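Q: Could you take me through one part of this model up close, and then carry on to the rest from there? Keep it chatty, but give me the cut-offs as you go.

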Amino acid sequence: MSSFVLLATEAAEGEGGFNPFDPEFGLVVWTGVAFLTVLYLLAKKVFPKLQEGLADRERKIADEIKAAEKTRAEAEKILADYKSRVAAAREETTGMIEEARAAAEKVRQELIARAEGDARLIVDKARKQLSGERERILSELEGSLAEWSTNIAAQIVQKELTPDSHRDLVEGFIADVRKSEAAKS
Amino acid sequence: MAVLATEAPEESPFTELTGHLTPHHYGWAPHWEIGGIDLSPTNAVVNIWLAALLCVAIFWIAARKRALVPQGIQNVVEVLVDFVKVNIVYSVMNTKDGRNWFPFIGTVFFFIFFMNAVGLVPYIGFTPTANIFVTATMALMVYLLAVAIGMARNGPLKFWVKTLVPPDVPKVMLPLMIPIEIISQLARPLSLAVRLFANMLADHLMLLVFAGFIFLAAGSAAIFGILPISVAFMVIFTAFALFVAFIQAVIFAFLTTIYINDALHPGH
C-alpha cells in the first residue's frame, strides 16, 4: 500500500504535479485572517452567549430543583398532617366504638338483669300459685281420702272399726303422709 | 500490482488525483497579488473560509437556541463545547486560566476541526490542513502567542530563564540541558505543524490511492474485483478520516493548552 502512495507521489512530482511544500504564502495570510476573524466572532459574540445560555440553564435547573424540593417538603408536611389527622380520627372512632360497645353492654346487662328479675318474679308467683293449689288439692284430698278409706276399711273389716276409731286411723295416716311430703320438699 | 506500478509514470491517474491536494486557481476567480504574495481565492482559500463560515454559523445558530433541554445542533455544539472545556482546557489549566483561555483554545479546536473535515465534502472539498503552510501558520500563531503571554506575564528574562533552565538540575548539567530545551522549544511549533499536516495529507492520500486503483483498473477485467474493494475501503477510510480530523484537532488544541499553560506558569 505504501509503495503505491510513494509511487503516486513520485509520479506526480515527476510531472511537476504534486509537491506539498510548494510555497503558498497566500495561504499563510488567509489562514491568519480567517482564524483571527473566527476567533473574534466566536470569542466575542458566540462563546459568551453560549456560556450565558449554559449558565442560565444551570440557574434555571438549580431554581427548579430548589422549587421541587420546597414543594416536596410542603407535600411531606401536608402528608404528615393528613396522617396525623387520620390517626386522630381513627383514635376518636375507636373511642366512640368502645364507648358505644360499653353502653350497649351496659344496656344488655341491665336488660338481662331486668329480665332475670321479671323471670324470678314470675317463677315465684307461679311457685306460690302452685303451692296454694297444692294445699287446696291436698286438703280436698284429705277429706275425700278419709271418706274413701273409711268406706274401704269398713268394707274390709266391716264391724271391727267404729267410725271414730276409723277416723283416728285415717288422720294418723294423713299426718304421716304430710310429714313425708314436708321432708321431700 | 507490479505491472500496474511499472506502467504508472506514463499515464498515471495518481498525477491527476494528487493534483486535488494542491491548491489551484478557479478559472472564474480574480487574481489578487499584494507585495508578491498571491492572495487569489484558490480552492484552498475558499475551503479555509468555508471552514470558518461553518464554524461561526453552526455556533451562532446553537448559541441563539435557548432550549432547556437541548436538541439537534444545540445539543451537538454543547456536547463539543463541554468536551473541549472538561477534557482539554480544564484537564491542563486551573479554573481561572481555563475560563480566560477557553475562547481561544475552543476556537483553535473548532477551526482546525472544520478545516480538517471540510475536505471530506464531496466535489468542493479541499483539506486546508493538508497544506503545511496552513498548519505552520496555525502552529506559529499559537506558539508565538504562548511566548508573548509568557513574556508579558513574567518578564522576558524570567520567562526564558524559567523556560530554558529546568528546575532542580545541577549546574554542571546546564550546558547540556539548555541546548536541549532550546531544541525542545523550536520543536514545538514544528511538531505541531508537521503532525497535523502529515496526518491530514496521509489521510487524503489513502483515499486518493484507493480511487487511483479504480482508474488504473478501468478498461480491464480487474475492475470487477478492484471496484468494490476500492469503494469499500474508500467508505471505511472516509469514516476513519472524520475520526482522524477530530483526533488531530483534539491533539492540536491539547498541545496549545499545554504551551499556553507553560507560558503562564513557566518552570512548573
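Q: In which helix of chain B is B:Ile58 found?

A: B:Ile58 is found in helix α3 of chain B, residues 43-64; helices here are DSSP runs of H or I with at least four residues, strands are E runs of at least two, and both are numbered from the N terminus. Before going on, a word on the ground rules: this is a predicted model, where local features need pLDDT of at least 70, side-chain atom pairs count only at pLDDT 80 or more, and totals for chains, interfaces and linings use all residues. Residues are numbered from 1 along each chain as its sequence is written, chains are lettered from A and ligands numbered from 1 in the order in which they are written, and side-chain values use heavy atoms, leaving out hydrogens and water.

Back to B:Ile58. Its relative accessible area is 24%, so B:Ile58 is partly exposed (buried means under 20%, exposed over 50%, partly exposed in between, with a 1.4 Å probe and protein chains only). Leaving aside residues up to four places away in sequence, B:Ile58 touches B:Ile73, B:Val77 and B:Phe114, where contact means heavy atoms within 4.5 Å. With B:Ile73, 15 residues along the chain, the C-alpha separation is 7.5 Å.

One of those partners, B:Val77, leads into helix α4 of chain B, residues 72-92. B:Val77 is buried there, and so are B:Gln74, B:Glu78, B:Val81, B:Val84, B:Lys85, B:Ile88 and B:Val89. The 21 residues of α4(B) reach 30 Å from first C-alpha to last, close to the 30 Å expected at 1.5 Å a residue; that expected span is 1.5 Å times one less than the number of residues. There is a bend, though, of about 30° at B:Lys85, taken as the angle between axes fitted to the seven residues ending there and the seven starting there.

Now for the salt bridges, meaning a side-chain nitrogen of Lys or Arg within 4 Å of a carboxyl oxygen of Asp or Glu. By that rule there are nine over all chains. In chain B, B:Asp262 and B:Arg188 pair up at 2.9 Å, N to O. B:Asp262 sits in helix α9 (residues 223-264) and B:Arg188 in helix α8 (residues 174-217), so this pair ties together parts that are 74 residues apart in sequence. B:Arg188 is buried at 16%, while B:Asp262 is partly exposed at 26%.

Over in chain A, you can look within a single helix, α2. A:Arg59 and A:Asp56 meet at 2.3 Å, N to O, and they are three residues apart, about one helical turn. A:Arg59 is partly exposed at 48%, and A:Asp56 is partly exposed at 24%. Further along, A:Glu140 and A:Arg136 form a 3.0 Å bridge, N to O, four residues apart in α2, about one turn of the helix. With A:Glu133, these two are linked in a network of salt bridges.

Finally, A:Leu141 has its place in α2 of chain A too, residues 25-157, and is partly exposed at 38%. A:Leu141 joins A:Ile137, A:Trp148, A:Ile152 and A:Ile156 in a nonpolar surface patch of about 520 Å².

Notes: Patches are made of residues with over 30% relative accessible area and no salt bridge: like charges are joined within 9 Å, nonpolar side chains (Val, Leu, Ile, Met, Phe, Trp, Tyr) within 5 Å. Accessible areas come from the Shrake-Rupley method with a 1.4 Å probe; for residues, only the protein chains shown count as cover.
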